[in-house]
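Reader: I'd like a close look at one part of this model, and then a walk outward from there. Could you take me through it in one go?

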Amino acid sequence: MIPTHYNVRHLRIEPNLVLAPMEGVTDLTFRRLVRSIGGVGLTVTEFVASEALRRGVEKAELMARFDPDEHPVAVQIYGRVPEAMAEAAKVIEAAGADIVDLNFGCPSKKVCAHSGGSSLLREPHHARQIVRAVRAAIKIPLTVKMRSGFDAERRNAPDIAAMCEDEGVEAITIHWRTRADLYGGTRAVDKIAEAKRRVRIPVVGNGDVVDAASARAMFEDTGVDAVMIGRGAIKNPWVFQQVRADLLGLPSIVVDAREKRRVLLAYFEAIRSEFGSDRGTLGRMKKIANYFTHGLPYGSDLRVAFLHSQSIDEAVAHTERFFDALAEREEARLVG
Ligand SMILES: Cc1cc2nc3c(=O)[nH]c(=O)nc-3n(C[C@H](O)[C@H](O)[C@H](O)COP(=O)(O)O)c2cc1C
């Protein structure tokens with residue numbers, strides 16, 4: 001039986017479908033988009049540098065913010081210094097977040113260079129110091145997100161999960177890839193399954209869940225309590241609704257080109273009003289459009305058009321034309 005909710009202490013998370021933290025993507029605007037579509041049980045911020053958050057750096061505070069009605073929400077932090085992680089966690093608790101999530105999984109050079117993120121998987125003793133310091137600093141639930149290990153020879157996620165449970169962590173998320181896999185590698189969810197057997201706290205499975213079939217496979221192959229979806233949600237923000245409908249045996253949800261057009265343009269408008277008309281907005285639009293059009297017929301046309309767009313208005317006009325043409329093709333097919 002695939003579960004339909006899970007609990008992180010007193011927090012009931014239903015549906016048991018989690019939006020993954022993604023730096024440069026899952027900011028407040030993107031999370032609003034996903035929440036507005038629905039089907040998601042928990043949202044997580046992009047990772048925030050603990051040192052910056054503890055010092056009150058504005059950029060870190062912006063990354064850690066959430067809407068008053070965005071609950072349950074987890075704010076994720078990374079870093080190496082236990083005291084800094086503990087202080088950042090206190091800031092998050094005071095801001096009213098439901099969960100503090102620690103990043104033990106990020107493979108990026110920026111994070112690993114400071115020996116945070118996934119490099120902590122090689123240092124279980126130090127990872128324990130961090131968990132212990134944060135646990136002692138806050139009362140709200142604490143969770144940890146990690147990869148299955150540092151590399152193929154050191155897939156120690158079950159040990160780290162057991163250590164976390166021991167120290168009072170209340171749920172863990174495991175991405176099946178190792179740090180060495182980066183975003184490649186061959187699917188191997190055995191360590192997620194092993195961790196699930198080892199600990200009593202909820203385990204969330206992550207990695208390449210993109211639709212109902214892959215969500216079912218993650219639940220069935222590992223016995224996890226929930227799944228987390230990252231890139232699949234940028235490509236298709238309706239994925240949570242679709243997976244939920246499948247798990248509940250409801251009619252499947254099909255999204256047509258007109259709805260995709262409406263949602264993408266509304267999202268562009270939201271980031272424009274949030275960030276103004278600078279280059280960052282156009283860059284963010286390009287990033288999202290890149291994911292969003294993968295798998296769409298003629299999607300590469302829009303990606304190429306975006307590459308050459310010099311202004312936000314130009315990019316919006318390309319988007320309108322692309323989806324109008326797609327809608328016409330869809331409608332002609334239905335009529336014909
Ligand atoms: C653009 C991008 C940014 C990411 N940023 C974070 C992050 O800030 N914190 C984190 O724990 N993982 C981060 N990840 C990893 C995702 O949370 C997730 O574990 C990974 O993408 C695998 O899930 P998926 O196959 O559903 O995308 C990021 C991934 C991507 C693609």
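To start with, in which loop is R9 found?

Author: R9 is in the loop between β1 and β2. Keep in mind that this is a predicted model. What makes R9 worth a stop is its backbone: phi is positive, about 55 degrees, although R9 is not a glycine. As a rule, most residues other than glycine have a negative phi, and most peptide bonds are trans.

That second half of the rule has its exceptions here too. Move along the chain to the loop between β2 (11-13) and β3 (17-19), and you'll find P15. The peptide bond leading into P15 from E14 is cis, with omega near -5 degrees. Another cis bond joins H71 and P72, again with omega of about -5 degrees. P72 belongs to the loop that runs between α3 (58-64) and β5 (73-78).

Now back to β1, on one side of the R9 loop. β1 (6-8) gives at least two residues to the lining of the largest cavity, and so do β6 (99-104) and β8 (171-178). The count comes to 1 cavity of 30 Å³ or more, and the largest cavity has a volume of about 110 Å³. Its lining has 13 residues, and those closest to the centre are Y6, L42, D101, T143 and T173. By class, that lining splits into 10 nonpolar, 2 polar and 1 charged.

From the cavity, let's go to the pockets. The largest pocket holds about 650 Å³ of space. Of the 30 residues that line the largest pocket, P21, M22, E23, R147 and Y183 lie nearest its centre. Two or more lining residues come from each of β7 (142-149), β10 (226-229), α10 (231-235) and α13 (279-292). Sorted by class, the lining of the largest pocket has 15 nonpolar, 9 polar and 6 charged residues.

The largest pocket is also where the ligand sits. There are 17 residues around the ligand, and P21, Q76, N206, D208 and R231 come nearest. P21 therefore turns up on both lists: it is among the residues nearest the pocket centre and among those that come nearest to the ligand. In terms of class, the shell around the ligand has 7 nonpolar, 6 polar and 4 charged residues.

As for the atoms that meet there, a polar backbone atom of P21 is 2.8 Å from an oxygen atom of the ligand. E23 also uses its backbone, with an N or O atom 2.8 Å from a nitrogen atom of the ligand. With N206 the side chain takes part: one of its N or O atoms is 2.6 Å from an oxygen atom of the ligand. On its own the ligand has 610 Å² of accessible area, and the protein covers 91% of that.

One more site to finish the walk. The second largest pocket has a volume of about 280 Å³. It is lined by 13 residues, with D27, E46, L62, M63 and F275 the closest to its centre. α1 (28-37), α3 and α12 (257-275) each supply at least two of the lining residues, and the largest share, 3 residues, comes from α3. That brings us back to the helix on one side of the P72 loop. The lining of the second largest pocket divides into 4 nonpolar, 1 polar and 8 charged residues.

Conventions: Residues numbered from 1 in each chain as written. Predicted model: local features only at pLDDT ≥ 70, side-chain atom pairs only at ≥ 80, totals over all residues. Heavy atoms only, no water. Near = heavy atom within 4 Å. Polar contact = N/O pair within 3.5 Å; in protein donor to acceptor, adjacent residues only side chain to side chain. Areas by Shrake-Rupley, 256 points an atom, 1.4 Å probe, with all protein chains shown as cover. 1 Å grid on protein atoms, 1.4 Å probe; cavity = no way out; pocket = protein on both sides within 12 Å on 5 of 7 lines; lining within 4 Å. Sits in = over half its atoms within 2 Å of the grid points. Nonpolar A, V, L, I, M, F, W, Y, C, P; charged D, E, K, R; others polar. Points joined across faces, edges and corners; volume = space filled by probe spheres on them. Helix = DSSP H or I, 4+ residues; strand = E, 2+ residues; numbered from the N terminus.
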